[in-house]
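Hi everyone, thanks for making time. I'd like to walk you through a structure that is new to most of us, so pull it up and follow along.

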Amino acid sequence: MDLGIKGKRALVLASSRGLGLGIATALAREGANVLLCGRSGEQLEANCQAINSEGKGRADWIWADLVDERFVETATAAVKEKFGGLDILVNNTGGPTPGTTEDMTAEKLETYFLSMVARVITLTNALLPGMKAQGWGRILTVASSGVIEPIANLALSNTLRPALAGWSKTLASEVGKFGITANLLLPGSILTGRLDDLDGAAAKRTGKSLEEIRADKEARIPVGRYGRVEEFAATAAFLCSQPASYVTGSLIRCDGGAARSV
């Protein structure tokens, strides 16, 4: 399938590794020009070299920290300088530390709300005028399967990620007439460094081995295994595509059927 995004300009947040890098790579392989964003300049540079070596879409990068008060200014200035505008925005953020509801202090709530919710919304608002003017845009926000089925010992994530679901749905109803779609993509257990950290924390908390933790989790996933970054990224690329122009205001799961809700 031709996704119709050759030459489109995409900004992918938190793309030094994991899901963000996977999405940036998938978009570039479809011919899009991607701007990677994160806190590891060395890793971002290496990522861009790898993407550019494939000879399809081009990749560039910027250093930008979602916690930095100048994050939105930095990102929007880079988009203007390097691309002259934007067609695709992939909102992706790191997850908070594991913990229970009793571990949720006011300081933690404020810190993670800023990086996981507020920055996503303000950056999107800053880039929307350009998308409206050109009559085309894709806004894809990566959240968590905890939005529909809270995950044990991830109280902060279970509390903050659902805010993005309400925002994205509302946004979709406001920008659809401008040729812009807005969707939320929920990963289940996808093999990334973040998943390694969470499984390690679960092993420490329960006294089980890492192998036992993973075997237990995989046994509860209908497809019987963890997902691959490439599988998740392919779903993301489609949602950013021209053929997906009638998919908006949706919450899409890529979790191997793990969530028990309909």
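Let me start with a puzzle: which residues does Ser-189 touch, not counting residues up to four places away in sequence? Have a look while I set the scene.

First, a caution: this is a predicted model. The protein chain has 8 helices and 7 strands. Its radius of gyration is 18 Å, close to the 18 Å that the globule rule gives for 262 residues, so the chain is as compact as a globular protein of that length. If you draw a box along the principal axes, the C-alpha atoms fill roughly 55 × 40 × 40 Å. Buried residues come to 48% of the 262 in the chain. And if you take the contacts with a separation of 6 or more, 74% of them are between residues 24 or more positions apart. As for the outside, the accessible surface is about 12300 Å², and carbon and sulfur atoms account for 52% of it.

Okay, back to Ser-189. You'll find it in the loop between strand 6, residues 180-187, and helix 6, residues 193-206. The answer to the puzzle is Leu-195, Lys-217, Ile-221, Tyr-226 and Gly-227. Is Ser-189 buried or exposed, then? Its relative accessibility is 17%, and the cut-off for buried is under 20%, so Ser-189 counts as buried.

Now the sheet. Just as a reminder, strands of a sheet pair through backbone hydrogen bonds, either parallel or antiparallel. Here we have an open sheet of 7 strands, with parallel pairing, in the order 3-2-1-4-5-6-7. At the edges sit strand 3, residues 59-63, and strand 7, residues 251-254, and each of those pairs on one side only. From one strand to the next, the twist averages 20 degrees.

Let's zoom in on strand 1, residues 9-12. What happens on its two faces? Both are covered: Arg-9 and Leu-11 are buried on one side, and Ala-10 and Val-12 are buried on the other. Strand 1 has a parallel partner in strand 2, residues 33-38, with 4 bridges joining them. It is also parallel to strand 4, residues 88-91, and there 3 bridges do the joining. Val-12 is a nice one to click on: its bridge partner in strand 2 is Leu-36, and in strand 4 its bridge partner is Val-90. Leu-11, meanwhile, stands opposite Leu-89 in strand 4.

How do we get from strand 1 to strand 2? Together with helix 1, residues 18-29, those two strands make a right-handed β-α-β unit. Further along, helix 2, residues 41-53, lies across strand 2 and strand 3, and it runs at about 170 degrees to strand 3.

While we're at helix 1, find Gly-20, which has its place there. With 1% relative accessibility, Gly-20 counts as buried. Leaving out residues up to four places away in sequence, Gly-20 touches Val-12, Leu-13, Ala-14, Ser-15 and Asn-92. And remember Val-90? Gly-20 and Val-90 are 70 residues apart in sequence, yet 8.2 Å apart in space, C-alpha to C-alpha.

Over to the edge at strand 7. It is joined to strand 6 by 4 bridges, and the two run parallel. Leu-185 stands opposite Ile-252 in strand 7. Which side chains of strand 7 are buried? They alternate: Ile-252 and Cys-254 point to one face and are buried, while Leu-251 and Arg-253 point to the other and are not.

Last stop, Lys-108, which is in helix 4, residues 106-134. At 31% relative accessibility, Lys-108 counts as partly exposed. If you skip its neighbours within four places in sequence, Lys-108 is in contact with Thr-97, Asp-103 and Leu-156. For a sense of distance, pick Lys-108 and Lys-132: they are 24 residues apart along the chain, and their C-alpha atoms are separated by 35 Å.

So, if you take one picture home, make it the open sheet with its order of 3-2-1-4-5-6-7 and parallel pairing. Thanks, and feel free to spin the model around while we talk.

Conventions
Residues are numbered from 1 along each chain as its sequence is written. This is a predicted model: local features need pLDDT of at least 70, side-chain atom pairs count only at pLDDT 80 or more; totals for chains, interfaces and linings use all residues. Side-chain values use heavy atoms; hydrogens and water are left out. Buried means under 20% relative accessible area, exposed over 50%, partly exposed in between (1.4 Å probe, protein chains only). Two strands pair if DSSP finds at least two bridges between them. A crossover is right-handed if, with the strands pointing away from the viewer, the path from the first strand over the helix to the second runs clockwise. Contact means heavy atoms within 4.5 Å. Axes are lines fitted to C-alpha atoms, for helices over the stretch in contact, and angles run from 0 to 180 degrees between N-to-C directions. The radius of gyration is taken over C-alpha atoms; the globule rule is 2.2 Å times the number of residues to the power 0.38. Accessible areas come from the Shrake-Rupley method with a 1.4 Å probe; for residues, only the protein chains shown count as cover.
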